[in-house]
Amino acid sequence: MKVIGVTGLPGSGKSLFFDMAKEKGVVVVSMGDIIREKAAERGENIGTIARKLREEHGQYIVAKLTIEKIKEFLEKDTDAKVILVEGIRSPYEIEMFEVNFDNFTSVSLYASPKTRFERVTLRNRKDDSSVYEDFKERDQRELDFGIGSVIATADYLIKNEDSFEEYKEQVVEFFEKEMD
């Protein structure tokens with residue numbers, strides 16, 4: 001069984017990557033879902049709770065909760081060949097996955113800030129902003145968690161600057177190499 005950790009800043013192409021993986025029947029575990037659950041429990045926003053969880057329980061907490069979720073899943077489904085982890089943000093989290101899973105690989109999805117801001121503005125999700133300063137602030141929060149180091153040291157880098165079709169081709173190539 002292989003665990004693949006995927007990271008990228010907002011607007012880098014993670015949603016398409018995971019949608020394509022799910023179409024192939026790959027299991028996706030979202031670290032963001034864990035944060036959203038905790039935010040709902042506490043009645044706080046996602047950005048605040050992500051920071052507070054790490055302050056209260058250490059840099060490893062979101063990875064620890066995600067690893068527990070994966071291990072629970074594997075107890076029920078022993079046939080899973082690949083599990084994708086969505087939303088790795090820090091080198092601490094990478095370290096936890098490497099310690100807990102012998103066959104761990106990291107992949108980074110990259111797009112420039114200009115490209116990502118255009119995409120974020122167009123998709124208009126609840127946690128997105130069409131104000132560039134807010135976008136930069138969100139990026140900085142992610143960078144403060146250590147995502148820049150995770151992106152820079154990933155086993156694979158998929159660049160998403162060009163057309164939708166070119167990005168899809170790169171994702172398919174990655175899947176063929178790592179998942180088939």
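The following paragraphs describe the nonpolar cores and the aromatic contacts of the structure. The model is predicted, so that local features require pLDDT of at least 70 and side-chain atom pairs count only at pLDDT 80 or more, while totals for chains, interfaces and linings use all residues. Residues are numbered from 1 along each chain as its sequence is written, and side-chain values use heavy atoms, with hydrogens and water left out.

The largest nonpolar core (buried Ala, Val, Leu, Ile, Met, Phe, Trp, Tyr and Cys residues joined through side-chain atoms within 4.5 Å; buried denotes under 20% relative accessible area with a 1.4 Å probe, protein chains only) has 25 residues, and those with the most contacts inside it are Met 31, Ile 70, Val 85, Ile 88, Phe 97, Phe 101 and Phe 104. At least two residues of this core are supplied by each of H2 (31-42), H3 (46-57), H4 (61-76), strand S3 (82-86) and H5 (91-100), where helices (H or I, at least four residues) and strands (E, at least two) are DSSP runs numbered from the N terminus. The largest share, 6 residues, comes from H4. A second, separate core of 18 residues includes Phe 17, Leu 84, Ile 158 and Phe 175.

The structure holds 11 aromatic pairs, defined by ring centres of Phe, Tyr and Trp (its six-membered ring) within 6.5 Å, with planes under 30 degrees apart counted as stacked, over 60 as edge-to-face and the rest as tilted. Phe 97 and Phe 104 form a stacked pair, 5.6 Å centre to centre with 15° between the planes; Phe 97 is buried at a relative accessible area of 0%, and Phe 104 is buried at 12%. One aromatic cluster is formed by Phe 17, Phe 18, Tyr 156, Phe 174 and Phe 175.

Technical notes. Buried means under 20% relative accessible area, exposed over 50%, partly exposed in between (1.4 Å probe, protein chains only).
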